[in-house]
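This report deals with strand pairing and charged side-chain contacts. Please keep the sequence and the coordinates at hand while reading.

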Amino acid sequence: VNSVDSSRDGRLLAAALFDCTCRVWDLRTTSCSLTLRGHEGPVMSVAFALDGQCLISGSNDRTAKLWGMDDGLCRVTLAGHTDGLNSVAFCPKGQRLATGSADRTARLWQLDGETSSVLEGHTDEVCSVTFSPTDGQLLVTASADHQVRLWEVSSGRCLRILEASNSAVATACFSSHSRLLCSAGADGQAKLWDVLDGSCLAVFSGHQDVITSACFSADGQCLATSSSDGTCRLWNIESGECTSVLSGHEDAVTFAHFVARSCEESQNNKDAQENQQDDIT
């Protein structure tokens, strides 16, 4: 498994797989509902549209594909990169897609598969692309050239360069309010940045190997990191302390992701709490 993503309502989970497929699970039944076939190389990244109706996948075959979740069919194939794709992202506004590639560029796409911008400047492969979740006006890219770059989506202009590490940066992500940024990678450290002024606010150390992914919880209070050391760690953003080390995997952990509770589960939990309160009363 190279990466995972969940639909916003917490009902679907998608995984990008080495066998050139994507698989989608219904989390209410834990059954595989779709197997998406069409890529000719390992699938490295997947991302859901905000409404959960579409999924984008990126592959080593140099293409990204847009899939419908109603029938599992490929709607559009995005071709233009000259090397394999490492990362894909859906703009929260729903009108753009982003891809990051080993060809040292990121691209912004329209939903019909037309390229709207080619983001050039990195001197090594682009490992990660992520839109700002509040409005989609910013895109952050992480690269093996040790840099993190912040881009203006509307113009394709690079707004800021962060010298994030002395080694490859594997991932960069925004907090839910888009005011914070986390970068992490080969040095085994995660760094917290202020998006507005580019200052480094904190450094999280503890992993014994490469950090492969990082993500913020929906409330912005927790950061999760996965690592080639076989663990995931949970960090308190305010204190910078590691609150949990999640162990059990026998090999590298390639991805960590927070899954939203489904509407049904949230309502069931609310009803259970109300019933419990009634019983106590």
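In which sense do β5 and strand β6 pair, and over how many bridges? The pairing of β5 with β6 (residues 54–59) is antiparallel and runs over five bridges. The model is a predicted one, and the strand and side-chain descriptions below are computed from it.

**Strand pairing**

Within this pair, V43 stands opposite S59 of β6. The two strands belong to an open sheet of four strands, ordered β5-β6-β7-β8 and paired antiparallel. Its edges are β5 (43–48) and β8 (74–79); each has a single partner strand, so one side of each is left without a neighbour in the sheet. From one strand to the next, the twist averages 20°.

An open sheet is also formed by four strands in the order β1-β2-β3-β4, again with antiparallel pairing. Here β1 (3–6) and β4 (31–37) stand at the edges, and because each has a single partner strand, one side of each lacks a neighbour in the sheet. The twist in this sheet averages 20° from one strand to the next. The partner of β1 is β2 (residues 12–16), and the two pair in the antiparallel sense over four bridges. One residue pair in this ladder is S6 with L13, the latter lying in β2.

**Salt bridges**

Side chains of opposite charge can pair when their charged atoms come close. The count of salt bridges in the model is five. The table gives three of them, with the N to O distance of each.

| Basic residue | Acidic residue | N to O distance |
|---|---|---|
| R28 | D26 | 3.1 Å |
| R75 | D70 | 2.8 Å |
| R157 | E152 | 3.7 Å |

Salt bridges with shared partners join D70, D71 and R75 into one network.

How accessible are the residues of these pairs? D26, the partner of R28, has a relative accessible area of 13% and is therefore buried, the cut-off being under 20%. D70 has a relative accessible area of 61%, so D70 counts as exposed, for which the cut-off is over 50%. Its partner R75 is partly exposed, with a relative accessible area of 40%. In the pair of R157 and E152, R157 is partly exposed at 47% relative accessibility, and E152 is likewise partly exposed, at 24%.

Definitions and conventions. Residues numbered from 1 in each chain as written. Predicted model: local features only at pLDDT ≥ 70, side-chain atom pairs only at ≥ 80, totals over all residues. Heavy atoms only, no water. Salt bridge = Lys/Arg side-chain N within 4 Å of Asp/Glu carboxyl O. Buried < 20%, exposed > 50% of the residue type's maximum accessible area, 1.4 Å probe, protein only. Pairing = 2+ DSSP bridges. Axes fitted to C-alpha atoms, helices over the stretch in contact; angles between N-to-C directions.
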